[in-house]
Amino acid sequence: MSKIPIGTTLIESLPFVHCLIFEKKRILCDYCFLESSKLYQCSKCKFMHYCNANCQRSDWQIHKHECDKFTQFTNNLDLKKEFQNDIVRLYLRILIKSKINDQSNISDEYGLKTFVTLMDHYENLVKDMNRIKTMQKCLSLIKELMGVDFMSKFSIKELISAFGKMVVNTMAVSNYDLSESVGSGLYLSAAYYDHSCEPNSVVTFNGSKVIVRNIRDLEPNEEPVISYCELLMSKKQRQDYLMRCYYFKFLQIRSNLARLGQKSKSHKRQVKV
Ligand SMILES: C[S@@+](CC[C@H](N)C(=O)[O-])C[C@H]1O[C@@H](n2cnc3c(N)ncnc32)[C@H](O)[C@@H]1O
């Protein structure tokens, strides 16, 4: 096995689910997150905007389950306001894709993770009262929008696990120069990569596509690692942040030896939950 030269694209893939931040609606396409001088509104719900028919078609697999329900926003402005919160919309999309579309065992082209194999930190999450309150609030809004029939398709355990997978694995999607956040996305294989405060790889985005590249040569069997946090924070701040958001105490890069035999996997920025 030879070294992986610096700058190699380790992962370039579309999200499992993603959601444009509300402030960027009518500026960026809801599917590809790219700017367009002309965006076409979904004629039915009038809530989604796409740059072309291809993007609308690609999003339809999920949007067809929301579209009818989003029409309520015309008469229920309070509910519309609640759904400006990206976390609620992303959570709804995760529930649709994993269960209603039955995609929980499907991986992306790299095959490192499926929705089923993502970490959910179930035991930590159920003890985390702040996140549980946020989850309950999201669920009551999703129930109001989607109805009891939709909710009855999920067990409590599935709802908690899906929320855990969202908060532990979702990346905040930035624009091309990482200067501002444009949305959030759950990327299956990129979610395989662990955190390091001395990362050997970085995450960037092209629209809603994630791109992971190594920033130095990687030795054979060396795991790509990315940073989950702002590296300018003090060590204590980083440790607190990683514990609060990802439920682990960062000491050092986890030993590659412990990983031999696993498939090689490779910045993630936390969405605010
Ligand atoms: C997005 S997942 C990373 C992938 C995970 N290792 C897996 O195989 O599914 C994030 C979780 O991985 C674990 N993790 C990531 N980096 C770590 C590190 N440097 N030390 C200990 N645990 C880490 C934590 O449990 C964290 O919540």
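How many bridges join strand 2 to strand 6, and in which sense do the two strands run? Four bridges join them, and the strands run antiparallel. Two strands count as paired here if DSSP finds at least two bridges between them. Helices (H or I, at least four residues) and strands (E, at least two) are DSSP runs, numbered from the N terminus.

Some housekeeping. This is a predicted model: local features need pLDDT of at least 70, side-chain atom pairs count only at pLDDT 80 or more, and totals for chains, interfaces and linings use all residues. Residues are numbered from 1 along each chain as its sequence is written.

Now the whole chain. It has eight helices and ten strands. Its radius of gyration is 19 Å, close to the 19 Å that the globule rule gives for 273 residues, so the chain is as compact as a globular protein of that length. That radius is taken over C-alpha atoms, and the rule is 2.2 Å times the number of residues to the power 0.38. Along the principal axes, the C-alpha atoms fill a box of roughly 55 × 45 × 35 Å. Of the 273 residues, 37% count as buried. Buried means 20 or more other C-beta atoms within 10 Å of the residue's own, exposed means 12 or fewer, and partly exposed lies in between, with C-beta atoms placed from the backbone.

What does the record say? UniProt, in an unreviewed entry, places the feature "domain: SET" at residues 1–229. UniProt positions are given in the numbering used here, feature names are shortened, and annotations may be inferred rather than shown by experiment. Over residues 1–229 the chain is 34% helix and 17% strand. The end C-alpha atoms of that stretch are 31 Å apart.

Back to the sheet. It is open, has three strands in the order 2-6-5, and pairs antiparallel. Strand 2 (17–20) and strand 5 (171–174) stand at the edges, each with a single partner, so one side of each has no neighbour in the sheet. Neighbouring strands are turned by 30° against each other on average, direction ignored. For that angle, axes are lines fitted to C-alpha atoms, for helices over the stretch in contact, and angles run from 0 to 180 degrees between N-to-C directions.

Strand 6 covers residues 181–186. Five of its six residues are buried, so strand 6 is largely enclosed by the rest of the structure. On the strand 2 side, Leu 20 has Gly 183 as its bridge partner, and Val 17 stands opposite Leu 186. Strand 5 also pairs with strand 6 over four bridges, in the antiparallel sense. There, Ala 172 stands opposite Ser 184. The hairpin of strands 5 and 6 has six residues between the strands, and Leu 178 takes a positive phi near 60°.

Two further residues have positive phi. Lys 46 is near 60° and is not a glycine. Lys 46 sits in the loop between strand 3 (40–41) and strand 4 (49–50). Tyr 247, also not a glycine, has a phi of about 60°. Tyr 247 lies in the segment after helix 8 (235–246). Lys 46 is partly exposed, with 13 other C-beta atoms within 10 Å. Tyr 247 is partly exposed too, with 17.

Last, the ligand. Which residues come nearest? Of the 14 around the ligand, they are Met 119, Asp 194, His 195, Tyr 246 and Phe 248. Near means a C-beta atom, placed from the backbone, within 6 Å. Helix 7 (156–169) and strand 7 (194–195) each supply at least two residues of the shell.
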